[in-house]
Amino acid sequence: MKKVLFALALCCAFLPAFSQEKLTDKELVNVIYAMGQMYPDGFTLDLNTMRQPTEGLMVSYKATQNSFDRKSLPAVIKHARAHQNLVGGWYNPEDGHYYFDSTRAFPEDSLAAAVAFARDNDQHTVYVASKDINIWTNYEQKDIRIILDCDMGSSTDDLFALMMLYRYMDMKRCNLIGVIVDRMGKANADIVDVLNNFYGYPDIPIGLETQGIPNPHVFITYHNLPYARSTDAVPMFKRSVGDNGSYMESYKLYRKLLAEQPDKSVTIASIGFVTSLARLLESGPDEYSPLSGVELVRRKVKEIYAMGGVFGDAVEPDYNFKAAIDFSLKFFELLPKEVDIVFSPGEVGDPLDYRPETVIADMDWTDLHPIKWTYQFLNCDTGQKMWDPQAVINAVEGDDLYKLSPRGWVTLTPNGETLFHEDPKGNARYQYPGDPVWCDMVLKYIRLMAIQH
Ligand SMILES: [Ca+2]
């Protein structure tokens, strides 16, 4: 809003005697150039209204790329006049130039289309006007192959972490090659089956833990979600596996998926217990690979992003590791030292409070939504925060978005405490909590994913 007011004030100050319709292109050049001086962080101007749009996904056209400084503006304005009447600008501190572009706007629920258009036009970012944040486009086409390992069926942040991955898939920013459910119980895998179908990826394989920890605490009992029926008894959500289907043993699916992938190509996002990972590491050769589990992980896994750990001054047990402590100790013991691991402690997600009423409002575009169903029919106002998405976002966006600790080694005590020893050769780092601006940006990003359809 501040930006809009500034823009209007600026236009009025420059052009007291002209109505908006009477602006010549030469006058426009003066106005837009002045806006560039005022907004080093960038702006978008609608040439019809002479206002900055407050909504829309803004992408620059390639045709006006490398247009900088005042001399470039007539051509940019001409292109904008012939297209969407939008001009954007931003200052590049690296070369000292202020760049102007003709801009295309997409509706904010069309992120995948905007990102595709951006890539076609050689653009690295999409600007989200309502949220004042930039989205990366994966212009470099990084090959990110992810296995999500979750404890679906208790906290709701697992739902959002998986939602993020589907949306990243829509944007062609990663390839989700499998989902591991390390919380025992077929219903928990059925939840993933529902989500796979709802988000349009019915064939993503799902593995289910069968020898994990018995009866871990359930914070929110959404295990009935897969079997929800409408008032006339019709199942609400599509599934691929169905009531009579079964899931592959989780460590076996790990072995199958890893064996099929190129060396050092797989990223694991672990947002539940590490039971299935521990069983993978303990496994021996089988029909999928002649390698032991340790060798398979050493050979195929590039890095692990794990939600868990408590670092810094506080020394207290971590929930995810403590709840399955025997498996966790085994995981820390057997994880090859060559495999990088980035921990996401709870305090990183703590400030990201996606309130139940906001979740439901963001999903007002449909009545038939598995996450919305969970929030409508169960009490989710239990202090749930966006913890798990931090491991997933870090895994896809890379390390630039997060402030990470120096390298070191992490050991786990039998009490579930994570001890960090700094060492430049270490395989472990952990995320530091972000400042309020960063937290606000990341929560907006998650919310933007929730409105896509
Ligand atoms: Ca979790």
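Good morning. I begin with a single residue: Leu412 is buried, since 23 other C-beta atoms lie within 10 Å of its own. I should say at once that the structure before you is a predicted model. Leu412 belongs to strand E14, which covers residues 408-412. Setting aside residues up to four places away in sequence, Leu412 touches Phe321, Ser328, Leu329, Phe332 and Thr418. For a sense of distance across the fold, consider Leu412 together with Asn175: they are 237 residues apart in sequence, and their C-alpha atoms are 31 Å apart in space.

Let me now step back to the whole protein. The chain forms 16 helices and 16 strands. Its C-alpha trace spans about 80 × 60 × 40 Å along the principal axes. For 453 residues, a compact globule would have a radius of gyration near 22 Å, and the 25 Å of this protein agrees with that. Of the 453 residues, 45% are buried. Sequence separation is also informative here: among contacts between residues at least 6 apart in sequence, 76% join residues at least 24 apart.

A residue that illustrates such contacts is Met386. Where is Met386 found? Met386 sits in the loop between helix H14, residues 370-377, and helix H15. Met386 is buried, because 25 other C-beta atoms lie within 10 Å of its own. Although Met386 and Ser155 are 231 residues apart along the chain, their C-alpha atoms are separated by 9.9 Å. Beyond its neighbours within four places in sequence, Met386 is in contact with Asp157, Phe160, Gly349, Leu352, Tyr354, Leu443 and Ile446.

Two of those partners, Phe160 and Ile446, lead us to a pair of helices. Phe160 is in H5 and Ile446 is in H16, and both take part in the contact between these helices. On the H5 side the contact also includes Met163, Met164 and Arg167, while H16 adds Met449 and Ala450. By class, this contact has 6 nonpolar residues, no polar residues and 1 charged residue.

How are such pairs described in general? Two packed helices are characterised by the angle between their axes and by the distance between the axes. For H5, residues 157-170, and H16, residues 436-450, the axes come within 10 Å and cross at roughly 70 degrees. H5 and H16 are therefore roughly perpendicular to each other. Their crossing is left-handed.

A second pair is H8, residues 275-282, with H9, residues 293-300. Here the axes come within 5 Å and cross at roughly 105 degrees. H8 and H9 are therefore also roughly perpendicular to each other. Leu280, Leu281 and Glu282 of H8 make the contact with Gly293, Val294 and Val297 of H9. That contact divides into 4 nonpolar residues, 1 polar residue and 1 charged residue.

I return to H15, the helix that follows the loop of Met386. Is H15 mostly covered or mostly uncovered? Helix H15, residues 389-397, is mostly covered, with 8 of its 9 residues buried. Those buried residues are Pro389, Gln390, Ala391, Val392, Ile393, Asn394, Ala395 and Val396. Just after H15 comes Gly398, which takes a positive phi of about 90 degrees.

Positive phi values also occur in residues other than glycine. Met50 is one of them, with phi near 55 degrees. Met50 is placed in the loop between strand E1, residues 43-46, and strand E2, residues 57-60. Met50 counts as partly exposed because 18 other C-beta atoms lie within 10 Å. Asn85 likewise has a positive phi, of about 60 degrees, although it is not a glycine. Asn85 lies in the loop between helix H3, residues 73-82, and strand E3, residues 86-92. With 16 C-beta neighbours inside 10 Å, Asn85 is partly exposed.

My last residue is Ile206, in strand E9, residues 206-208. Why does Ile206 count as buried? Ile206 counts as buried because it has 25 C-beta neighbours inside 10 Å; the cut-off is 20 or more. Leaving aside neighbours within four places in sequence, Ile206 is in contact with Val179, Val181, Ala189, Val192, Asp193 and Tyr247. Ile206 and Asp381 are 175 residues apart along the chain, and their C-alpha atoms are separated by 29 Å.

Thank you for your attention.

How values were computed: Residues are numbered from 1 along each chain as its sequence is written. This is a predicted model: local features need pLDDT of at least 70, side-chain atom pairs count only at pLDDT 80 or more; totals for chains, interfaces and linings use all residues. Axes are lines fitted to C-alpha atoms, for helices over the stretch in contact, and angles run from 0 to 180 degrees between N-to-C directions. Helices (H or I, at least four residues) and strands (E, at least two) are DSSP runs, numbered from the N terminus. Angles under 35 degrees count as roughly parallel, over 145 as roughly antiparallel, 65 to 115 as roughly perpendicular and the rest as oblique. A crossing is left-handed if the near helix is turned anticlockwise from the far one by less than a right angle, and right-handed if clockwise. Two residues are in contact if their C-beta atoms, placed from the backbone, lie within 7 Å. Ala, Val, Leu, Ile, Met, Phe, Trp, Tyr, Cys and Pro count as nonpolar, Asp, Glu, Lys and Arg as charged, and the others, Gly among them, as polar. The radius of gyration is taken over C-alpha atoms; the globule rule is 2.2 Å times the number of residues to the power 0.38. A residue is buried if 20 or more other C-beta atoms lie within 10 Å of its own, exposed if 12 or fewer, and partly exposed in between; C-beta atoms are placed from the backbone.
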